[in-house]
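Subject: Handing over the structure

Hi,

As promised, I am passing the structure on to you. Please open it beside this email, and then read on for what turned up in it.

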Amino acid sequence: MSVFQPVLAESPKAQEQATQQEKSVEQKNMDVLAQAGIRQALEAIAKSGGMYPFGLISVKGDLKAVGYSGDRADAPSAEDWAKALFMKLRQIGEEQPEVDMLSLFRLHTITNDAGEEVVGVWAQVDHRQVRPWVIFVPLLKNDEGKHVVGDPIYYATEQSLFAPEEGEQE
């Protein structure tokens, strides 16, 4: 089991520790949701070599998965499904006010500073009361050519899984 701590590129260790201690209950709950989804994603990758996008919703700590349930042969591409899932999660958030957190997990590829492509688990976690976060957990090749989990990278995002309130711009 892995414990994910935010990696704040601009902050020295002392500031990072202070930030951890100042987290709100909502932010701590977002961390728990993110850890659960990332753990599921990493298990799927270890078992099958990949993963299809999925979401988790939370109602007072009870987690429910949201994923593709159709025939595998008819499944849209992972990219198309991730877009449709985003909209499905947004609809759930609008129609079910008891849902306090929404999250979306998918594989994503970034280019690192050395110009190399790095694949990893991309997670967006959103709480009705707190700014949404994106977490990227890179899967790095070690000396034996096997993928290992790298340090997660956290950053705030303006793109909410919850629909904007009336009068707000997206």
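Below is a tour of the model, from the overall layout to the details.

**How far to trust it**

Please keep in mind that this is a predicted model. The protein chain has a mean pLDDT of 85, and 85% of its residues reach 70 or more. Residues 1-18 are the part to treat with care: pLDDT stays under 50 there, and the model has 22 contacts beyond four places in sequence for this stretch.

**The overall layout**

The protein chain has three helices and seven strands. Starting at the N terminus, you will meet them in the order α-α-β-β-α-β-β-β-β-β. Of the 170 residues in the protein chain, 38% are buried. The surface that the protein chain exposes comes to about 10,600 Å², with carbon and sulfur atoms supplying 48% of it. If you take the contacts between residues at least 6 apart in sequence, 52% of them join residues at least 24 apart.

**How the strands pair**

Strand 5 is a good place to begin looking. Strand 4 and strand 5 run antiparallel and are joined by seven bridges. They form a hairpin with two residues between them, and in this pairing Gln 124 stands opposite Val 134 in strand 5.

Strand 5 is also joined to strand 7, in an antiparallel arrangement with four bridges. Here Ile 135 stands opposite Tyr 154 in strand 7.

Strand 6 (residues 147-149) is another antiparallel partner of strand 5, with three bridges between the two. Leu 139 faces Val 149 of strand 6 as its opposite residue. The hairpin of strand 5 and strand 6 has five residues between the strands, and Gly 145 in this hairpin takes a positive phi near 85 degrees.

**The nonpolar cores**

Which residues touch the most other members of the largest nonpolar core? They are Ile 38, Phe 105, Val 121 and Ile 135, out of 21 residues in that core. At least two core residues come from each of helix 2 (25-48), strand 1 (54-59), strand 3 (101-111), strand 4 (117-127) and strand 5 (130-141). Helix 2 gives the most, with eight residues.

A second core, separate from this one, has 15 residues, among them Ile 57, Leu 85, Phe 86 and Leu 161.

For a closer view of the largest core, try centring on Val 121, one of the residues that touch the most other members. Leaving aside neighbours within four places in sequence, Val 121 is in contact with Ile 38, Ala 41, Leu 42 and Ile 45, and also with Arg 106, Ile 135, Phe 136 and Val 137.

**Three salt bridges**

Side chains of opposite charge can pair when their charged atoms come close. In this structure there are three salt bridges.

- Lys 23 pairs with Asp 31, and their closest N and O atoms are 2.2 Å apart. Both Lys 23 and Asp 31 are buried.
- Glu 79 pairs with Lys 83, with 3.5 Å between the closest N and O atoms. Both residues lie in helix 3 (residues 78-95), four residues apart, or about one turn of the helix. Glu 79 and Lys 83 are both exposed.
- Glu 158 and Arg 131 meet through their side chains at 2.5 Å, N to O. This pair links distant parts of the chain, 27 residues apart: Glu 158 is in the segment after strand 7 (153-156), and Arg 131 is in strand 5. Glu 158 counts as exposed because its relative accessibility is 63%, over the 50% cut-off. Arg 131 has a relative accessible area of 45%, so it is partly exposed.

**An unusual backbone angle**

Most residues other than glycine have a negative phi. Lys 60 has a positive value instead, with phi near 50 degrees. Where does Lys 60 sit? You will find it in the loop between strand 1 and strand 2 (62-66). Is Lys 60 buried or exposed? Lys 60 is exposed, because its relative accessible area of 77% is over the 50% cut-off.

That is the tour. Enjoy exploring the model!

Best wishes

Methods. Residues are numbered from 1 along each chain as its sequence is written. This is a predicted model: local features need pLDDT of at least 70, side-chain atom pairs count only at pLDDT 80 or more; totals for chains, interfaces and linings use all residues. Side-chain values use heavy atoms; hydrogens and water are left out. pLDDT is the predictor's confidence in each residue, from 0 to 100. Contact means heavy atoms within 4.5 Å. A nonpolar core is a set of buried Ala, Val, Leu, Ile, Met, Phe, Trp, Tyr and Cys residues joined through side-chain atoms within 4.5 Å. Buried means under 20% relative accessible area, exposed over 50%, partly exposed in between (1.4 Å probe, protein chains only). A salt bridge is a side-chain nitrogen of Lys or Arg within 4 Å of a carboxyl oxygen of Asp or Glu. Accessible areas come from the Shrake-Rupley method with a 1.4 Å probe; for residues, only the protein chains shown count as cover. Two strands pair if DSSP finds at least two bridges between them.
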